[in-house]
Amino acid sequence: MQTLILAGGKGTRLRPLTLHTPKPIVPIVNRPFIHYQLDLLRPLNADGAMGVLLSLSYQPRRIEEALAHEELGGIRLRSVVERQPLGTAGAMRNVRSQVTGTLLVLNGDILTDIDLRPVLERHRARRAAATLVLVNVEDTRAYGVVELDDEGRIRGFYEKPESGVTSAKSINAGIYLLEPDVLDLIPEGREYSFEYDLFPRLLTSGLPLYGEVTDAYWLDIGTPERYRQANADVLSGRLRRYPPESSPPLTPDGSAVDAGATLKSGVSVTRSVIGANCYLENDVQVMDSVVLAGARIAEGARVSSSIIGRGAHVGSNSMLRNVVLGDKSVVTDFSRLG
Ligand code: GTP
């Protein structure tokens with residue numbers, strides 16, 4: 001069993017956080033995001049033989065450097081760097097020569113606690129060429145919507161449909177099981193999208209394509225709102241089967257504070273994440289926020305429902321609500337933002 005994690009996107013919707021930190025390593029509760037995806041793979045890696053390919057294009061060295069010193073718990077990780085972005089399906093074609101059997105593909109920006117073992121079992125029992133994991137959502141407009149028949153075979157696929165195009169509520173969760181012959185349908189060496197190019201082609205190919213609806217926790221972390229949500233959900237324990245050994249130690253106020261952060265007297269931190277080397281001066285209040293490594297928040301400042309970028313400086317007595325500050329931003333004393 002091999003896995004490909006698609007981790008080459010620019011992450012434009014998550015700017016400014018992704019300007020200097022590519023999405024696969026933005027921290028969720030002080031842990032590079034990709035570790036949550038590796039957690040997902042561990043139950044499938046009972047024989048310890050799983051190889052994971054990481055396809056990179058945007059700021060690949062930053063990702064490689066960040067993971068070089070990490071303990072990956074018995075998973076062999078190898079990166080494949082694209083000379084130019086190949087798109088979601090082009091990235092799959094690019095590793096074709098290394099794929100010998102069923103390939104599990106994960107979008108590199110989904111946080112989920114799905115148990116993939118039964119999905120793999122059904123994929124094999126049905127002799128599917130491709131199985132897409134699906135989740136049901138109320139508002140499908142931002143996603144790829146999949147229509148299934150009674151046997152779970154995929155009958156239709158609509159990428160970001162206008163309302164009224166389909167009544168289906170199941171969306172593409174960005175988790176695929178693919179047999180190698182599916183990869184052979186992708187043209188080599190050029191940009192090719194899974195959603196817009198490969199999937200329509202698969203539908204007319206006659207190959208057996210199945211959808212597997214899950215009710216597991218699932219979130220695409222790709223916007224600042226959802227990034228903050230992801231942190232909040234990990235803090236509040238919403239991810240089931242989240243490995244307890246990697247659960248962060250929390251304060252009584254439901255926060256994760258890195259051991260290397262300094263909190264001066266009278267500081268209150270509620271349902272928030274404080275990264276390494278942050279410095280919170282006297283009487284600072286932080287609520288429902290993510291404060292990334294090295295940020296400094298000066299005396300009496302109040303920060304709520306916000307994301308504070310790496311090394312940012314929030315001036316004394318300022319009030320920030322619902323804001324996203326890029327790395328190294330400076331907010332002067334007594335500012336009001338949000
Ligand atoms: P936005 O720019 O905000 O849309 O984010 P994104 O660049 O991550 O694009 P999108 O969310 O559509 O990508 C889905 C997944 O595919 C993400 O995990 C991306 O890292 C990955 N991805 C997107 N384009 C490429 C590419 O050209 N090459 C590789 N290897 N991965 C890609």
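This briefing covers the ligand site and the two largest pockets of the structure. The model is predicted. Its ligand sits in the largest pocket. That pocket has a volume of about 1,100 Å³, and the second largest pocket holds about 580 Å³.

**Ligand shell**

- The ligand has 19 residues around it.
- Leu-6, Thr-12, Glu-82, Gly-87 and Gly-108 come nearest.
- By class, the shell splits into five nonpolar, nine polar and five charged residues.
- Helix α3, spanning residues 87–93, is the top contributor to the shell, with three residues.

**Polar contacts and burial**

- Thr-12 places a polar side-chain atom 2.5 Å from an oxygen atom of the ligand.
- Gly-108 has a backbone N or O atom 2.7 Å from a ligand oxygen atom.
- Gly-11 also uses its backbone, with a polar atom 3.1 Å from an oxygen atom of the ligand.
- Taken alone, the ligand exposes 610 Å². The protein buries 82% of that area.
- Thr-12 and Gly-108 thus appear twice, among the residues that come nearest the ligand and in the polar contacts, Thr-12 through its side chain and Gly-108 through its backbone.

**Largest pocket**

- The volume here is about 1,100 Å³, and 41 residues form the lining.
- Arg-13, Thr-88, Asn-107, Asp-109 and Glu-195 are the lining residues closest to the centre.
- Four elements give two or more residues to the lining: α3, β11 (170–178), α6 (194–205) and β13 (218–220).
- Strand β11 gives the most, with four residues.
- Helix α3 is on that list of lining elements, and α3 also leads in the shell around the ligand.
- The lining counts 15 nonpolar, 15 polar and 11 charged residues.

**Second largest pocket**

- About 580 Å³ of space lies in this pocket.
- Its lining is made of 21 residues. Thr-21, Ile-25, Pro-27, Ala-293 and Arg-310 lie nearest the centre.
- Strand β3 (31–32) and helix α2 (60–68) each supply at least two lining residues.
- Helix α2 gives the most, with three.
- By class, the lining has seven nonpolar, six polar and eight charged residues.

Methods: Residues are numbered from 1 along each chain as its sequence is written. This is a predicted model: local features need pLDDT of at least 70, side-chain atom pairs count only at pLDDT 80 or more; totals for chains, interfaces and linings use all residues. Side-chain values use heavy atoms; hydrogens and water are left out. A residue is near a molecule or strand if one of its heavy atoms lies within 4 Å of it. A polar contact is a pair of N or O atoms within 3.5 Å; within protein, one must be able to donate a hydrogen and the other to accept it, and residues adjacent in sequence count only if both atoms are side-chain atoms. Accessible areas come from the Shrake-Rupley method with a 1.4 Å probe; for residues, only the protein chains shown count as cover. On a 1 Å grid over the protein atoms alone, a cavity is a set of points where a 1.4 Å probe fits but cannot get out, and a pocket is an open set with protein on both sides within 12 Å along at least five of seven lines; lining residues have an atom within 4 Å of a point. A molecule sits in a cavity or pocket if more than half of its atoms lie within 2 Å of its grid points. Ala, Val, Leu, Ile, Met, Phe, Trp, Tyr, Cys and Pro count as nonpolar, Asp, Glu, Lys and Arg as charged, and the others, Gly among them, as polar. Grid points are joined across faces, edges and corners, and a volume is the space filled by probe spheres set on the points.
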